[in-house]
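Reader: I'd like a close look at one part of this protein: the places where side chains of opposite charge pair up. Please take me through them in one go, and then show me the setting around them.

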Amino acid sequence: MIRLLFFVVLVLALGFGFAWLADRPGDLSIVWQDRRIEMSLMTAVTVIVSLIAAIMISWWLIRTIILSPRTVARYFRANKRDRGYQALSTGLLAAGSGDAAMARKMNKRTKGLLKADQEPLIHLLDVQAALIEGRHEEARKLFAAMAEDPETKLLGLRGLYLEAQRQGADEAAQHYAETAADEAPHLPWAGAAALSYRTREGKWDEALKLLDRQRQAGTIAAAEASRTKAVLLTARAREHVDSDPASARDDALNALKLAPGFPPAAVIATKALLRQDNLAKAAKVLQAAWKTNPHPEIAEAYVHARIGDTAADRLKRAERLEKLKPLNPQSLDAVARAALEARRFDLAREKAEASARLQPCEGIFLLLADIEEAETDDQGRVRHWLSQAVRAPRDPAWTADGYVSETWEPVSPVSGKLDAFEWKVPVEQLAGPSIDNQPPAGVFDRAMASLPPIAKVATPDTASVSSGASEDMAAIADPPGEAAVPKEQPAEVPASAPKAKPSPVIDADAVADHRTQAAPIAAAAGKATDTGKAEPGGEATDTGKAEPMGKGAAVAKTPDAEEDKATDGVKPKEMAKPVEAAQSEKPVEVAAKAEADPEADAKAKEAAFLTHRPDDPGIDVNAEPEKPGGRFRLF
């Protein structure tokens with residue numbers, strides 16, 4: 001295009017020049033060696049221009065003839081090179097797609113058209129073809145040869161590094177990666193591999209130097225470099241916190257500047273400062289980190305920062321954390337634990353319940369169980385909170401590659417990755433509200449709704465009432481023919497008899513109701529039935545004969561009474577008088593109904609027993625031992 005424009009401009013210039021000379025005619029005379037030559041000016045200019053054009057054309061023809069052999073050779077060479085590059089391109093595409101046959105074919109064609117010393121890509125195609133066909137030993141030799149060439153050295157090192165990794169030769173892979181990192185720090189794969197190997201071995205100083213070179217080369221982002229450097233500084237500080245607290249303090253504080261609120265750095269800085277007796281600075285560091293990232297380890301370090309503090313002092317420190325970060329589950333949890341340690345059960349329960357409403361998890365329900373056990377020692381309520389903890393989501397922990405660690409570690413022990421540990425809920429647990437899609441507040445409200453009431457503790461008056469009721473029942477239920485046993489000493493049980501499980505403690509009101517029902521029923525047990533004849537302590541049957549009552553029977557014709565028919569014919573002893581305070585019309589009506597309907601009596605006894613909650617673990621030591629199989633038990 002430029003040549004065309006130049007030609008057009010040249011033609012226009014010549015035309016304009018000739019037109020200008022035509023408008024201004026003139027003659028030109030030349031005298032040379034006694035000869036005079038005269039012509040017009042237009043003719044002279046035309047002759048000069050034609051002569052110049054002839055000279056230029058002649059020079060071009062002569063140059064073309066002279067350079068024609070070289071030109072022809074260059075043409076064929078370029079054509080051959082083009083066909084070689086076309087074969088090389090086709091071979092690389094075939095190797096990338098996994099076509100080993102086509103890659104091998106194109107590799108041979110490329111070697112015939114191009115020279116390997118002039119085109120390094122031929123070595124790459126040869127290596128790719130060998131790898132596709134599984135000839136790894138040949139590929140390794142080719143990579144080693146490429147590593148000797150300055151032009152292909154980095155490519156050869158990367159190939160050797162990958163082959164060493166494939167064979168599990170970690171030391172060889174580390175050597176190749178560090179060599180490549182020294183040659184070219186800007187290579188991301190070399191820098192990352194060398195950094196990983198150095199951190200695995202705990203070479204924190206060398207890792208920091210390599211990280212600085214990568215940051216200067218621009219191969220790593222600024223934010224990622226700051227985070228990685230903070231992790232490396234924290235790891236080095238943790239290693240020197242006991243031997244060199246000053247350097248550990250500086251490293252940890254620098255790490256906090258790069259990553260504010262990083263819990264491991266804050267805790268290590270606190271330990272170093274406390275070793276230097278700088279409690280005020282340590283408290284400021286923890287407070288700043290707590291404002292940025294409330295973490296249980298920061299709270300633990302802050303609450304127990306000063307040795308020798310009382311539980312009340314630690315509670316004040318925990319409340320200070322709550323003021324710095326109000327309405328936060330971790331703040332409330334810290335106050336609740338400190339209050340439990342200080343025996344402030346009301347405050348501990350209040351904060352723990354508030355934390356559970358915001359973020360229900362396993363740890364907060366276990367804390368509620370500890371509070372319940374320390375305050376009320378009600379095992380039923382303790383078991384309730386423990387059951388909620390089992391169903392609740394797990395607490396966050398330091399997790400890396402599916403493994404949980406109690407403490408933070410700079411490097412994963414599984415993959416060797418730097419900064420792999422994260423504070424999160426372990427991924428293998430899928431339970432709790434995440435399955436039911438319930439909000440956190442709903443989970444805790446449901447737990448509070450199902451919380452059993454506090455079991456009443458038996459007082460001396462209640463114990464005496466229960467003991468009297470048991471004695472009256474024993475007196476009523478004794479079969480005829482047995483020797484009278486004093487009330488103060490219960491009858492001995494034979495060694496061969498199965499031992500009955502003690503009955504749970506029943507509320508005082510339930511004991512009184514049971515006593516008032518048992519006495520009238522026993523008093524009415526000797527009344528005559530349809531035949532009008534009955535002996536004291538006996539039971540009238542359809543034939544008019546009285547059956548003696550079995551031990552523990554309080555109503556007519558129960559299953560226990562039928563089992564005791566073998567004692568027929570024995571005279572019953574005198575029945576004990578019921579307590580005067582228990583005389584009422586309602587028990588008499590109940591007794592009458594019991595005589596008429598044995599099933600109703602059994603249901604009444606079962607209902608009286610079920611008034612006690614099955615999750616109450618209390619035991620009445622004064623209660624009458626229960627006869628095996630005498631009544632239905634829930635546990």
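**Salt bridges and their surroundings**

Author: Searching the whole structure turns up 26 salt bridges, where a salt bridge is a side-chain nitrogen of Lys or Arg within 4 Å of a carboxyl oxygen of Asp or Glu. Side chains of opposite charge can pair when their charged atoms come close. Before we go on, please keep in mind that this is a predicted model, in which local features need pLDDT of at least 70 and side-chain atom pairs count only at pLDDT 80 or more, while totals for chains, interfaces and linings use all residues. Residues are numbered from 1 along each chain as its sequence is written, and side-chain values use heavy atoms, with hydrogens and water left out.

Let's start with D205 and R236, whose side chains form a salt bridge at 2.6 Å, N to O. D205 sits in helix α9 (residues 204–217) and R236 in helix α10 (residues 222–240), so this pair ties together parts that are 31 residues apart in sequence. Helices here are DSSP runs of H or I with at least four residues, strands are runs of E with at least two, and both are numbered from the N terminus. The two partners also differ in cover: D205 is partly exposed, at a relative accessible area of 43%, whereas R236 is buried, at 18%. For these words, buried means under 20% relative accessible area, exposed means over 50%, and partly exposed is in between, with a 1.4 Å probe and protein chains only.

The next bridge stays within one helix. D333 and R337 meet through their side chains at 2.8 Å, N to O. They are 4 residues apart in helix α16, so about one helical turn separates them. Here the acidic partner has the cover: D333 is buried, with a relative accessible area of 14%, and R337 is partly exposed, with 39%.

It is worth pausing in this helix. A334 also belongs to helix α16, which covers residues 329–341. A334 counts as buried, at 12% relative accessibility. Which residues does A334 contact, leaving aside its neighbours within four places in sequence? They are A299 and A318, with contact meaning heavy atoms within 4.5 Å. There is also K351, 17 residues from A334 in sequence, with a C-alpha to C-alpha distance of 8.8 Å.

Follow the chain onward and you come to R343, in the loop between α16 and α17 (345–358). R343 is exposed, at 53% relative accessibility. Its phi is positive, about 65 degrees, although R343 is not a glycine. Most residues other than glycine have a negative phi. D419 is another case, with a positive phi near 60 degrees in a residue other than glycine; D419 lies in the loop between β4 (403–405) and β5 (422–424).

Now for a bridge with both ends under cover. R381 and E372 form a salt bridge through their side chains at 2.8 Å, N to O. R381 is buried at 9% relative accessibility, and E372 is buried at 0%. Elsewhere, salt bridges that share partners link R104, E133, R135 and E138 into one network.

Some charges have no such partner. R70, R74, R77 and R81 gather in a surface patch of positive charge. Patches are made of residues with over 30% relative accessible area and no salt bridge, joining like charges within 9 Å and nonpolar side chains (Val, Leu, Ile, Met, Phe, Trp, Tyr) within 5 Å. Lys and Arg count as positive and Asp and Glu as negative, with His and the chain ends not counted; a charge is placed at NZ of Lys, CZ of Arg, CG of Asp or CD of Glu. R81 belongs to helix α2 (residues 41–97) and is partly exposed, with a relative accessible area of 38%.

A nonpolar surface patch is there too: M1, L4, L5, F7, V8, V11 and L12 together have about 750 Å² of accessible area, computed by the Shrake-Rupley method with a 1.4 Å probe, where for residues only the protein chains shown count as cover. L4 is in helix α1 (residues 2–22) and counts as exposed at 52% relative accessibility.

Finally, the wider frame: the protein chain has 26 helices and 7 strands, and 36% of its 635 residues are buried.
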